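Biologist: I am new to this structure. Please show it to me, and then we can go through it by question and answer.

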Amino acid sequence: MKFGALQRVIGVLFLTLAMSQPALAADLLFGPLQLRATVGSMPSSAAYIEISNHGAKSDRLIAVESDLARKTELHSMTMTDGVMNMRAVDGGIDIPAGARIQLAPGGYHVMLIGLKAPLNIDQTYAITLVFQSAGKITVSGLAKRPADLKKAAPHYSAMPKTH
Ligand SMILES: [Cu+2]
């Protein structure tokens with residue numbers, strides 16, 4: 001009887017292993033891609049997206065590619081003594097199992113440097129996200145006015161209650 005139970009466990013393990021490979025990409029869920037529409041001949045712009053990892057294993061956003069600009073980089077933005085600092089992310093952004101990362105104005109963003117053409121309001125553009133485990137995933141979304149871009153949501157769980 002014990003042996004039978006073990007066999008069943010092994011059977012389930014094999015099934016899990018067989019299914020885990022194609023299911024990897026589906027473990028990542030994406031919010032809408034948003035791009036900052038350009039004004040005049042702005043040389044660069046940014047793109048934003050929310051990524052949730054519903055899988056059992058952590059993944060990492062290691063790079064971003066696009067045909068929209070000469071260079072596409074993953075950037076972070078931090079405030080130091082009231083000064084905004086923007087820099088290329090070194091080594092990518094970790095997305096632990098069950099976690100969600102937000103690329104949004106004021107934080108992580110996809111930097112499009114040397115745009116080949118303007119990004120027009122309400123037009124659709126695509127970028128390719130490169131993940132360590134899930135590989136390349138192309139997402140598309142609309143360019144929006146800066147005022148219409150979704151801001152980074154506060155981390156409610158980490159925020160102390162006020163009043
Ligand atoms: Cu940037």
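Modeller: First, a term: two residues are in contact if their C-beta atoms, placed from the backbone, lie within 7 Å. This is a predicted model, so local features need pLDDT of at least 70, side-chain atom pairs count only at pLDDT 80 or more, and totals for chains, interfaces and linings use all residues. Residues are numbered from 1 along each chain as its sequence is written.

Biologist: Among contacts between residues at least 6 apart in sequence, what percentage join residues at least 24 apart?

Modeller: Take the contacts in the protein between residues at least 6 apart in sequence. Those joining residues at least 24 apart make up 69%.

Biologist: How many helices and strands does the protein have?

Modeller: Helices (H or I, at least four residues) and strands (E, at least two) are DSSP runs, numbered from the N terminus. Along the sequence, the pattern is α-β-β-β-β-β-β-β-β-β-β-β. The count is one helix and eleven strands.

Biologist: Is Val39 buried or exposed?

Modeller: Val39 is in the loop between strand E2 (33-36) and strand E3 (44-53). A residue is buried if 20 or more other C-beta atoms lie within 10 Å of its own, exposed if 12 or fewer, and partly exposed in between, with C-beta atoms placed from the backbone. Val39 has 12 C-beta neighbours inside 10 Å, so Val39 is exposed.

Biologist: Which strand supplies the largest share of the largest nonpolar core?

Modeller: A nonpolar core is a set of buried Ala, Val, Leu, Ile, Met, Phe, Trp, Tyr and Cys residues joined through C-beta atoms within 7 Å. The largest one has 27 residues, and Leu35, Ala47, Val110 and Leu112 touch the most other members. Strands supplying at least two residues each include E2, E3 and strand E9 (109-115). The largest share, five residues, comes from E3.

Biologist: Which residue in E3 stands opposite Leu35?

Modeller: Strands pair if DSSP finds at least two bridges between them. E2 and E3 run antiparallel and are joined by two bridges. Leaving aside neighbours within four places in sequence, the contacts of one E3 residue include Leu33, Leu35, Val110 and Ile127. The residue opposite Leu35 is Ala47.

Biologist: Which residue in E11 stands opposite Leu33?

Modeller: Both faces of E2 are covered, with Leu33 and Leu35 buried on one side and Gln34 and Arg36 buried on the other. Four bridges join E2 to strand E11 (residues 135-144), and the two run parallel. Opposite Leu33 in E11 stands Gly141.
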